[in-house]
Amino acid sequence: MKVSYNLLKSFVSFDLEPMEFAWALTSIGIETSVISNTCNWPNVVTAKILDINKHPQADKLSLCKVSDGTKEYTIVCGAKNISVGQVVPLAKVGAVLPNNFQIKKSKIRGIESEGMLCSKKKLGISKESEGIYILDDKTKIGSTLESVLGDSDSIFDIEITPNRGDVLSHLGVAREIGAKLKKIVTIPKIKTFNVSGLNCVQVKSNLCLRYIGGVISDIKVGESPKWIKDILEKSGIRSINNIVDITNYVMLELGQPLHAFDLEKLSSKNIVVRAANESEKITALDGKEYSLSSDMLVIADDKQPVAIAGVMGGQYSGIDVSTQTVFLESAIFDSVSIRKTSRKLNLSSDSSYRFERGLSWDIAETAFWRAVNLISDIAGGKIEAREDLQNVKREKTSIALRINRVFKVLGYKINEDEIIEILRYLGIDLESKGEIIFCTVPSWRNDIKEEVDLVEEIVRIKGYDTIPLQRKQATYSSTLNESFIGKTVENFRVKLNGLGFNEALNCSFCEIKELEKFGLQYSYKIMNPVSKENEVLRPSLLPGLYKNLMLNISQCAESVTLFEFGKVFNELGEKKNFSLIAYGRVWQEWWKWEEQKISPKYDFYFGGGVIKNILSEDFVIVQNLTPAKYYHIGKTASIIYRGQVIGQFGILSPSINEDLKDEIFYCQMDIDTIEKDKNSKVIRYKSFSKLPLVRRDISVIADKRLPFNEIESIIKGVMKSNGILRNYSLFSVYTDETKIGKGKISYSLRLLYRDDNKTLTDAEVNKDMIHLLEKLDKNLQVKLRD
């Protein structure tokens with residue numbers, strides 16, 4: 001639903017800017033975005049089109065000569081809705097439109113354009129527009145656009161949940177922001193009239209809960225005032241005539257759908273609310289004929305239906321310029337019935353959208369009188385008679401709210417006075433008796449039915465961000481215990497899941513032939529195996545994971561990433577191992593990616609990065625001098641845990657995967673070896689700093705022969721010496737010797753600074769950065785690039 005910033009402020013006074021307003025509503029559960037903002041348009045003026053000619057080099061372009069009263073301009077334009085004599089917005093050279101769109105003098109198909117004629121979309125007034133914004137032909141040319149559109153507005157797009165039909169109006173949104181900001185909401189002054197009863201309305205169905213109807217005579221149908229048409233246009237509703245527009249305007253304003261019938265077109269003065277006859281037909285206002293069924297509700301005269309109740313009026317009784325007397329309807333229909341009718345007919349409207357979500361019993365009458373007032377003021381109408389038929393007696397919802405229940409549900413205390421204040425701003429009548437607050441829910445909040453709903457309203461308006469963070473003090477053992485292995489494996493699982501790996505679970509048996517492929521020896525053979533595939537206990541997790549890999553590849557998987565935790569069996573007995581296998585591209589290629597040709601694969605280096613990511617600082621990765629037979633020589637590494645080799649990783653031998661075009665990365669770790677180390681140091685944790693990082697990007701020039709690790713050594717030395725340089729990264733290498741000098745190379749580095757005790761100033765960061773550059777220059781002759 002689209003709502004107007006200006007119209008909202010007529011219901012509740014607030015000082016929030018549009019973006020602040022959108023955030024405030026979103027914070028209380030009503031998703032809001034700004035789709036059009038109040039703008040200023042520097043160097044945009046009103047101009048008159050003097051002449052239009054075809055562009056000599058383009059069939060779809062025109063050459064327009066326009067004047068702002070002091071100068072004539074030649075403008076190249078592609079819009080089709082322009083004609084000579086129109087007054088339009090002209091963005092002159094130097095103008096800056098929304099989204100920083102700058103107007104420059106440019107040649108279009110060989111002809112110079114001295115500006116641009118603007119649409120509403122380019123001006124930021126609306127999200128879509130069909131052509132150039134045509135202003136009133138009486139608009140003075142040469143005026144700034146701000147002075148002409150002094151009533152410019154911001155428009156919000158609001159998404160609501162199905163249970164919050166009360167927010168489908170400007171009044172409803174105003175109530176919400178009023179509750180958040182603790183502001184009083186007011187509605188326009190409405191005058192009621194004492195008139196005679198109609199005695200011509202019959203309600204013959206329980207699906208109509210309340211029906212208010214009135215006859216208004218002596219109306220003059222015509223064009224609506226600009227302020228009504230503006231609101232309708234901003235809300236995406238087309239202006240028809242003043243009577244129809246008023247019913248739509250009141251719906252947007254108060255949330256109650258209304259409908260006006262031309263009373264003279266009805267076959268009689270009787271209005272009947274009844275169930276439709278089976279296969280009864282009606283031509284609706286959209287010009288289409290619909291076949292009705294007996295479970296649908298209609299408004300009818302003595303002969304035929306004149307409206308599909310709650311969904312759409314009939315063409316037969318529509319308002320036109322000849323209408324002099326109207327029958328105005330404000331009703332409450334069963335929401336489920338309207339929803340079923342709308343779905344069955346595949347016919348949705350602004351009215352049905354609101355009826356489906358439930359309406360306020362009280363607002364039905366308020367909206368009726370508001371429309372009567374507007375019809376009287378704008379169309380000169382006079383109300384003659386009125387009827388209010390109620391099929392049910394509305395019972396107010398009363399809920400006893402226990403203060404201690406609020407505390408128990410939320411888990412923290414809110415001051416009782418604050419609870420009362422929040423509920424009152426939500427329009428709830430209260431009576432406090434000791435530890436219980438008796439609440440009477442207003443008719444528009446049909447979603448509040450139980451005590452817990454009130455608790456939700458309290459915390460919603462107070463702010464979910466105000467809920468205190470509950471921290472539990474964690475305790476850690478100074479030595480490894482029996483559960484440490486579980487913690488270690490779970491840590492591996494979490495990190496690998498985050499990197500896109502999936503866990504495999506394979507049987508502990510395997511086939512001897514599978515082991516021979518990898519040069520593995522078995523230690524335990526099954527005496528009576530169920531099948532040949534289960535003849536020995538596995539000495540490694542590799543055969544099972546490799547089998548999983550090949551199965552996935554056979555199913556057209558371009559990349560496979562798996563890990564497994566399980567038992568293996570060798571000459572030393574039963575062991576717990578953790579293994580992972582990876583093949584293919586690291587991520588899926590997309591046609592738009594510039595780096596498509598160099599997207600990484602799971603090679604030795606990328607796989608090593610994965611291993612380094614999941615291991616803690618207690619693990620060390622070193623060169624592997626004695627790799628297992630199934631590894632590629634020269635592409636392996638060992639994993640050391642406190643002096644002991646507990647695993648290795650690398651690329652599988654090409655002889656194993658000769659049918660595959662890419663390398664296979666594999667890692668295996670002996671978890672039992674980790675568990676047996678009983679002399680672990682105390683695990684200490686440090687909270688993450690809440691102070692901001694300061695980033696500096698520098699480019700330095702060095703000799704090509706200088707190893708980069710020497711530059712890193714200087715940077716790490718500075719990091720250890722002062723403490724505010726926390727991290728660094730290399731993000732670009734430049735080698736064009738014609739620009740930086742023969743035998744030179746340029747490195748672009750990102751430096752990150754932070755102080756745990758205070759926010760750093762630019763002077764402090766610059767001083768440290770200069771110190772680093774001086775050390776690089778003095779020790780390595782590495783200089784800052786100009």
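Visitor: Which residues does Ser349 touch, not counting residues up to four places away in sequence?

Guide: This is a predicted model. In it, Ser349 sits in the loop between α8 and α9. Its relative accessible area is 15%, and buried means under 20%, so Ser349 counts as buried. Leaving out residues up to four places away in sequence, Ser349 touches Val311 and Met312.

Visitor: Which residues of helix α8 are buried?

Guide: Helix α8 runs over residues 335-345. An α-helix has 3.6 residues a turn, so residues three or four places apart point the same way. The buried residues of α8 are Ser337, Ile338, Thr341, Ser342 and Leu345.

Visitor: Within what arc do the buried residues of α8 fall, seen down the axis?

Guide: The buried residues of α8 line one face of the helix. That follows because, in a view down the axis, they fall within an arc of 130°.

Visitor: Which exposed residues are on the face of α8 turned away from its buried side?

Guide: The buried side of α8 is covered by elements that include β19 (289-291), β21 (305-308), β23 (326-333) and α9 (350-355). The face turned away from that side carries exposed residues. They are Lys340, Arg343 and Lys344.

Visitor: At the start of α8, which backbone nitrogen does a side-chain oxygen of Asp334 reach?

Guide: The contact at the start of α8 joins a side chain to the backbone. The side-chain oxygen of Asp334 comes to within 3.3 Å of the backbone nitrogen of Val336.

Visitor: What is the phi of Asn346, just after α8?

Guide: Most residues other than glycine have a negative phi. Asn346, just after α8, takes a positive phi. The value is about 55°.

Visitor: How many of the eight residues of β23 are buried?

Guide: Val326, Leu328, Ser330 and Ile332 point one way from the strand, and all are buried. Phe327, Glu329, Ala331 and Phe333 point the other way, and these are buried too. The strand is therefore largely enclosed by the rest of the structure, and the count of buried residues is eight of the eight.

Visitor: Which residue stands opposite Glu329 in β23?

Guide: β23 pairs with β15 (residues 208-217) in the antiparallel sense over eight bridges. In β23, Phe327 has Val215 opposite. β23 also pairs with β16 (residues 258-262), again in the antiparallel sense, over five bridges. The residue opposite Glu329 is His259.

Visitor: Which strands stand at the edges of the open sheet of five strands?

Guide: The order of the sheet is β14-β17-β20-β21-β22, and its pairing is mixed. An edge strand here has a single partner strand, so one side of it is left without a neighbour in the sheet. The edge strands are β14 (201-203) and β22 (312-313).

Visitor: Which residue of β17 has Val203 opposite?

Guide: β14 and β17 (residues 271-275) pair in the parallel sense over three bridges. In β17, the residue opposite Val203 is Val273.

Visitor: Is Asn199 buried or exposed?

Guide: Asn199 lies in the loop between β13 (196-197) and β14. Its phi is near 60°, a positive value in a residue other than glycine. Its relative accessibility is 71%, and the cut-off is over 50%, so Asn199 counts as exposed.

Visitor: How far apart in space are Ser10 and Pro188, C-alpha to C-alpha?

Guide: Ser10 is in the loop between α1 (5-9) and α2 (18-27). A polar atom of its side chain lies 2.5 Å from the backbone oxygen of Leu7. Ser10 and Pro188 are 178 residues apart in sequence, while their C-alpha distance in space is 8.3 Å.

Visitor: What is the radius of gyration of the protein?

Guide: The protein has 21 helices and 40 strands. Its C-alpha trace spans about 105 × 75 × 60 Å along the principal axes. A compact globule of 786 residues would have a radius of gyration near 28 Å, but the value for the protein is 38 Å.

Visitor: What share of the 786 residues counts as buried?

Guide: The protein exposes about 41,900 Å², and carbon and sulfur atoms supply 49% of that area. Of its 786 residues, the share that counts as buried is 48%.

Conventions: Residues are numbered from 1 along each chain as its sequence is written. This is a predicted model: local features need pLDDT of at least 70, side-chain atom pairs count only at pLDDT 80 or more; totals for chains, interfaces and linings use all residues. Side-chain values use heavy atoms; hydrogens and water are left out. Buried means under 20% relative accessible area, exposed over 50%, partly exposed in between (1.4 Å probe, protein chains only). Helices (H or I, at least four residues) and strands (E, at least two) are DSSP runs, numbered from the N terminus. The arc is that of the directions from the helix axis to the C-beta atoms. Contact means heavy atoms within 4.5 Å. A polar contact is a pair of N or O atoms within 3.5 Å; within protein, one must be able to donate a hydrogen and the other to accept it, and residues adjacent in sequence count only if both atoms are side-chain atoms. Two strands pair if DSSP finds at least two bridges between them. The radius of gyration is taken over C-alpha atoms; the globule rule is 2.2 Å times the number of residues to the power 0.38. Accessible areas come from the Shrake-Rupley method with a 1.4 Å probe; for residues, only the protein chains shown count as cover.
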